[in-house]
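Thanks for sharing this one. Below are some notes to read alongside the structure, set out point by point.

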Amino acid sequence: MSRSEGGDAAPGVVDGTGSDGAQRDGVSRSLWRDGNFLTMWSGQALAQLGSQVTELAIPVLAVLLLQASELELGLLNAAGVAAFLVVGLPAGAWIDRMRKRHVMIWADAVRALALAALPLLWWLGALEMWHLYAVALVVGVATVFFDVSYQSIIPSLVRSEQIAEANGKLEATRELANIAGPAAGGWLVAALSAPFAILATVGTYVASFVALLLTRDDEEPRTADDRGPILREIGEGLRWVFGNALLLRIVGTTASSNLFATVSFTLLPLFLLRELGLSPEAMGIIFSLGAIGGLAGAIATPHVVRRIGEARAIPASAIAFSAIACLLPLAATVPSIAFGLLVVQGFVSSFTVLVYNITQVTFRQRITPRRLLGRMNASVRFCVWGVMPIGALLAGALGTWLGVVPTMWIGAAGQLLAAAFVVIGPFWRMRRLPDAEPASGAGS
């Protein structure tokens, strides 16, 4: 299951120099020889893998060990993504005033400690659903701060001409974690039980914490005279996003698609484990095989853009990932081939979401002034991820009222309608998206 507006790469337009010898002598070398970057990268690779394990283990723990209902699963998912709605906007402005590596270190420590509480509570026989809600909320807040910092730290680690290579390595790692993580999570849940599988993620966050402590950067916090009031800085980013006609359509499709995708995704563990009777291992394999589509989509995007044009790739991919969502509830009507349908759905969805994300994120980065990049990304994420807790609560309510499968159909129908913002519009008439478009409230 892929969500639109996935992990964005750092913009790659801000000059920066790292602390490795290659930077000191002015000679550009491959990052494979940059020990400082490799230290940070190795920690992030483990953390990405661990987060995928927990993304499967916590719902399995809720459904199989705590017998969570549809409403409780909706509340759990809402708690995990509520931070995007509550602190998503101010986080970008706050982090612009801090040392990003330090923010990431603290976020890793908080996530590791919060997750470690779950197996301890289970071992003591005291684990309840409200503990899962609390841990999901704490981890969600820490993840917002980690992710915003993570997207912006690269220019302070490597030379400006190495930023694209660094982002490529980080994005490839994320996709490989999406492939290996769910399968590893399913195996760990089966071998150790869900609570102890979560300890694997705790270990990866500790590894990321240590790697970041050993990483060096040259970032200097913004001076006091370079800071405006928080609300004014937030408003400037929002005006930039909502003042650009093409970007506004992209945000409309992404936000509405994520709203209804979350309706489906929230009840997916119940759908797979109870309605279809699959095992946690099978659930993990479905997620892993589907995630291969994301890696293929990342590789194929340049070829798709050359073939049909950058502008047309956005509505074309939106139609594809919206339509393929119908295979999820359809699988319940043909249980004999449900496994295959779910793998196809996951693969095509991941492939086309990656094409969509890479294309629209590149457009956003290209048209946005450097000084607004962080706030633009925070504003977009507030809109397109802030709807997720609403979708999770809606899933819990609809699932309780109508049942799991009818709610999955509602999620699929909503995703079909979500594509309309970019399908009905100017994208088909263009081949390349503009380098800039006038927008109100934009600074230079």
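1. Let me start at Leu 66. Not counting neighbours within four places in sequence, Leu 66 is in contact with Leu 61, Leu 127, Glu 128, Met 129 and Leu 132. This is a predicted model, so please read every value here as computed from the prediction. Leu 66 sits in the loop that links H2 to helix H3 (70-86). Its pairing with Leu 127 spans 61 residues of sequence, while the two C-alpha atoms are 8.4 Å apart in space. Leu 66 counts as partly exposed because its relative accessibility is 24%, which falls between the 20% limit for buried and the 50% limit for exposed.

2. Now the overall picture. The protein has 18 helices and zero strands. Of its 444 residues, 57% are buried. Taking contacts between residues at least 6 apart in sequence, 88% join residues at least 24 apart. The accessible surface comes to about 17300 Å², and carbon and sulfur atoms account for 68% of that area.

3. Which residues have the most contacts inside the largest nonpolar core? They are Leu 76, Leu 115, Leu 118, Leu 132, Leu 268 and Phe 271, in a core of 53 residues. H2 is the element that gives the most to this core, with nine residues. There is also a second, separate core of 38 residues, and among its members are Ala 83, Val 103, Val 353 and Leu 433.

4. Leu 76 deserves a closer look. Beyond residues up to four places away in sequence, Leu 76 touches Ile 58, Ala 62, Met 129, Leu 132, Tyr 133 and Ala 136. Met 129 and Leu 132 will be familiar from the first point, where both are contacts of Leu 66.

5. On the outside, have a look at the nonpolar surface patch of about 780 Å². It is made by Leu 64, Leu 65, Leu 120, Trp 122, Trp 123, Leu 124, Phe 196 and Leu 199. Helix H2 (35-65), helix H5 (100-123) and helix H8 (194-214) each give two or more residues to it. H5 gives the most, with three. Trp 123 belongs to H5, and Trp 123 counts as exposed because its relative accessibility is 60%, above the 50% limit.

6. How many salt bridges are there? The count is one. The side chains of Asp 108 and Arg 111 form it, at 2.8 Å from N to O. Both residues lie in helix H5, three residues apart, or about one turn of the helix. Is this pair buried or exposed? Asp 108 is buried, since its relative accessible area is 0%, and Arg 111 is buried as well, at 5%; the limit for buried is under 20%.

7. Last, a residue in helix H8: Thr 204. The side chain of Thr 204 reaches the backbone oxygen of Thr 201 at 2.7 Å. Apart from neighbours within four places in sequence, Thr 204 is in contact with Gly 43, Leu 46, Ala 47 and Gly 50. Thr 204 is classed as buried because its relative accessible area is 12%.

Technical notes: Residues are numbered from 1 along each chain as its sequence is written. This is a predicted model: local features need pLDDT of at least 70, side-chain atom pairs count only at pLDDT 80 or more; totals for chains, interfaces and linings use all residues. Side-chain values use heavy atoms; hydrogens and water are left out. Patches are made of residues with over 30% relative accessible area and no salt bridge: like charges are joined within 9 Å, nonpolar side chains (Val, Leu, Ile, Met, Phe, Trp, Tyr) within 5 Å. Accessible areas come from the Shrake-Rupley method with a 1.4 Å probe; for residues, only the protein chains shown count as cover. A salt bridge is a side-chain nitrogen of Lys or Arg within 4 Å of a carboxyl oxygen of Asp or Glu. Helices (H or I, at least four residues) and strands (E, at least two) are DSSP runs, numbered from the N terminus. Buried means under 20% relative accessible area, exposed over 50%, partly exposed in between (1.4 Å probe, protein chains only). A polar contact is a pair of N or O atoms within 3.5 Å; within protein, one must be able to donate a hydrogen and the other to accept it, and residues adjacent in sequence count only if both atoms are side-chain atoms. Contact means heavy atoms within 4.5 Å. A nonpolar core is a set of buried Ala, Val, Leu, Ile, Met, Phe, Trp, Tyr and Cys residues joined through side-chain atoms within 4.5 Å.
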